[in-house]
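Ready for some practice in reading a protein model? Work through the exercises below at your own pace, and try each task before you look at its solution.

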Amino acid sequence: MTNKPLTKRKQQAIDTKKRIYKVFMDLMDRKEFENITITEICHKAKVSVGTFYIYYSSKYDILAEIFQQADDFFIDEVASRLSEIGRA
């Protein structure tokens, strides 16, 4: 299977979603989850509220993505290393 290069639009979409995610993470470092608004996320990410909703249906979706990435990391990295230790 050949990996086709991303179109400019697809790369732009990936970058926009990453920017929204990063802004949310930065806000989580400084504020409680309940005090973060979608409007604030959008303002800091320099996207419209409509654009936010293209990628996430709520700020809870971003939180779910954080937990999913943590789970993936655990499965990919930690669990496999623990398994190796068990075999040693």
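**Exercise 1. Find the charge over a ring.**
Task: Which residue lies over the face of F33?

Solution: This is a predicted model. Start at the ring of F33 and look for a lysine: K59 lies over the ring's face, 4.5 Å from its centre. For a charge to count as sitting over a ring, NZ of Lys has to be within 6 Å of the ring centre. Next, follow F33 to other rings: ring pairs join it with F24 and Y60 in a cluster.

**Exercise 2. Classify the ring pairs.**
Task: How many aromatic pairs does the structure hold, and how are the planes of F52 and Y53 arranged?

Solution: Step one is the count, which is 4 aromatic pairs. Step two takes F52 and Y53: their ring centres are 5.3 Å apart and their planes meet at 85 degrees, so this pair is edge-to-face. The cut-off used here is that planes over 60 degrees apart count as edge-to-face. Step three turns to F52 and Y56, a tilted pair with 5.8 Å from centre to centre and 40 degrees between the planes.

**Exercise 3. Buried or exposed?**
Task: Is F52 buried or exposed? What about Y53?

Solution: Buried means under 20% relative accessible area. F52 has a value of 0%, so F52 is buried. Y53 comes out at 43% and is partly exposed. Y56 is buried, as is F52. Across the protein chain, 26% of the 88 residues count as buried.

**Exercise 4. Explore the core.**
Task: Which helix gives the most to the largest nonpolar core?

Solution: First, get to know the core: it has 19 residues, and those with the most contacts inside it include I20, F24, F52 and Y56. Next, look at the helices: α1 (8-30), α2 (38-45), α3 (49-55) and α4 (59-87) each supply at least two of the core residues. The answer is α1, with 6 residues. Now zoom in on I20: setting aside neighbours within four places in sequence, its contacts include I41, V47, F52, Y56 and I62.

**Exercise 5. Step back to the whole chain.**
Task: What pattern does the protein chain follow along the sequence?

Solution: Count the elements first: there are 4 helices and 0 strands. Reading along the sequence then gives α-α-α-α. To judge the overall spread, compare radii of gyration: a compact globule of 88 residues would have one near 12 Å, whereas the protein chain has 17 Å. Its C-alpha atoms fill a box of roughly 50 × 40 × 20 Å along the principal axes.

Technical notes. Residues are numbered from 1 along each chain as its sequence is written. This is a predicted model: local features need pLDDT of at least 70, side-chain atom pairs count only at pLDDT 80 or more; totals for chains, interfaces and linings use all residues. Side-chain values use heavy atoms; hydrogens and water are left out. Rings of Phe, Tyr and Trp (its six-membered ring) pair if their centres lie within 6.5 Å; planes under 30 degrees apart count as stacked, over 60 as edge-to-face and the rest as tilted. Buried means under 20% relative accessible area, exposed over 50%, partly exposed in between (1.4 Å probe, protein chains only). A charge sits over a ring if NZ of Lys or CZ of Arg is within 6 Å of the ring centre and within 35 degrees of the ring normal. A nonpolar core is a set of buried Ala, Val, Leu, Ile, Met, Phe, Trp, Tyr and Cys residues joined through side-chain atoms within 4.5 Å. Contact means heavy atoms within 4.5 Å. The radius of gyration is taken over C-alpha atoms; the globule rule is 2.2 Å times the number of residues to the power 0.38.
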